[in-house]
Amino acid sequence: MRFPYSTTDPAQDAFDSLPRLPLRLRADSRALDVMGLVDSGAMVNVLPYDVGLQLGVVWDERRANIRLAGTLGQQQAMPVFMIAEIADFAPVRLAFAWVQSPDAPLILGQTNFFMEFEVCFYRSSLEFEVKPKSSI
């Protein structure tokens, strides 16, 4: 299934577009519709702090042991698992580094989004394609 690249601000143009994927995250009985940045350069999936709170996750300092790099390198992160629903694909279990930062984006990275899905980027046409690994 193909998705368009998008911006987060109407003042931005196509140059500012990025591969953002609409998905629904579930934790226990709660669900939340979010947009995730599909980032082949990110080693892990990243869950923003406020999204985790809205899904009922409780921060536990003892579990906050994931070390991140880049702009999130100074932030503590805790492993959490969510069920992700994307388009009409079967739900998948994704592992996230839940970051205690109000500014962290929701990132879909190598572990384990790219392990569950095949992704092709078509930047020149401002589209990207996502397929479950089982349909290949």
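**Close-up 1. Salt bridge between E85 and R26 in the predicted model.** In this predicted model, E85 and R26 are joined by a salt bridge whose closest N and O atoms lie 2.6 Å apart. The contact links distant parts of the chain, since E85 belongs to strand β5 (residues 77-85) while R26 belongs to strand β2 (residues 20-27), and the two positions are 59 residues apart. E85 has a relative accessibility of 23% and therefore counts as partly exposed, and R26, with a relative accessible area of 30%, is partly exposed as well.

**Close-up 2. Salt bridge between E127 and R2.** Here the side chains of E127 and R2 meet in a salt bridge, with an N to O distance of 3.0 Å. This pair, too, links distant parts of the chain: R2 sits in strand β1 (residues 2-4) and E127 in strand β9 (residues 127-132), with the two positions 125 residues apart in numbering. The relative accessible area of E127 is 26%, so this residue is classed as partly exposed, and R2, at 43% relative accessibility, also counts as partly exposed.

**Close-up 3. Salt bridge between D60 and R62.** The closest N and O atoms of D60 and R62 are 3.1 Å apart, and the two residues form a salt bridge. R62 has a relative accessibility of 73% and counts as exposed, because the exposed class begins over 50% relative accessible area. Applied to the predicted model, the rule that a Lys or Arg side-chain nitrogen must lie within 4 Å of an Asp or Glu carboxyl oxygen gives a count of 4 salt bridges, among them the pair of D60 and R62.

Methods:
Residues are numbered from 1 along each chain as its sequence is written. This is a predicted model: local features need pLDDT of at least 70, side-chain atom pairs count only at pLDDT 80 or more; totals for chains, interfaces and linings use all residues. Side-chain values use heavy atoms; hydrogens and water are left out. Helices (H or I, at least four residues) and strands (E, at least two) are DSSP runs, numbered from the N terminus. Buried means under 20% relative accessible area, exposed over 50%, partly exposed in between (1.4 Å probe, protein chains only).
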